[in-house]
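Trainee: Could you take me slowly through one part of this model, and then through the places where its backbone does something out of the ordinary?

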Amino acid sequence: MSASEQLRADFEELAERVGKAALARGALVATAESLTSGQVAVHLGAAPDAGDWFAGGVVAYTVEAKQRALGVPPGPVISEQCATAMAEGAAQRLGADCAVGVTGVGGPDEQEGEPVGTVFIAVHTPEGTTCEQHHFDGDAEEILDATTRRALELLGQGITDVGTKAQ
């Protein structure tokens, strides 16, 4: 199996896990993507029974699009604040229980003073919103793949954890 086939299989498995967790909890899932330009949504939409748990996604690349479509406040868009607003905005606008928001710098140059590979991934659930900052190495494609993988992992974990923290 080639590296790209293995990557595709990994993404399929992660998306299937998200779907199983969402179905088990009766949750609707959404995405808000900038850096990944819809890659997370592509994998979720191709997962089994996606029509039962995947509400949809918003790709908002420009600052203005993020603000209009997702309610991102003024300020840096390569930030925890932006990723959090994206996830929360997607959940609200698409009627989802859980959502992931992704923003970052894929290259070739830094943006807003942040180096290439800087990524923020936020996950919103009924229990709140969390955000991770990452610094992924590689070229643009490698950064996008690493970001997509981590976004799917975090979204699946966030859905799985809903309702278990108080137990």
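Mentor: Helices and strands here are DSSP runs, a helix needing at least four residues and a strand at least two, and they are numbered from the N terminus. Please keep in mind that this is a predicted model. Let us begin with helix α5, which covers residues 80-94 and, with its 15 residues, reaches 21 Å from its first C-alpha to its last, close to the 21 Å expected at 1.5 Å a residue. An α-helix has 3.6 residues a turn, so residues three or four places apart point the same way. Within α5 the buried residues are Cys82, Ala83, Thr84, Ala85, Met86, Ala87, Gly89, Ala90 and Ala91, and their packing partners are the strands β1 (29-33), β3 (98-104), β4 (118-125) and β5 (128-135), together with helix α4 (63-70). Just after α5 comes Gly95, whose phi is positive at about 65°.

Most residues other than glycine have a negative phi, and most peptide bonds are trans. Ser37, which sits in the loop between β1 and α2 (39-45), nevertheless has a positive phi near 45°, and Ser37 is partly exposed, its relative accessible area being 44%. Asp49, placed in the loop between α2 and α3 (50-53), likewise takes a positive phi, of about 60°, although it is not a glycine, and with 48% relative accessibility Asp49 also counts as partly exposed. Finally, the peptide bond that joins Gly107 and Pro108 is cis, with an omega of about 10°, and Pro108 belongs to the loop between β3 and β4.

Note on methods:
Residues are numbered from 1 along each chain as its sequence is written. This is a predicted model: local features need pLDDT of at least 70, side-chain atom pairs count only at pLDDT 80 or more; totals for chains, interfaces and linings use all residues. Side-chain values use heavy atoms; hydrogens and water are left out. The expected span of a helix is 1.5 Å times one less than its number of residues. Buried means under 20% relative accessible area, exposed over 50%, partly exposed in between (1.4 Å probe, protein chains only). Contact means heavy atoms within 4.5 Å.
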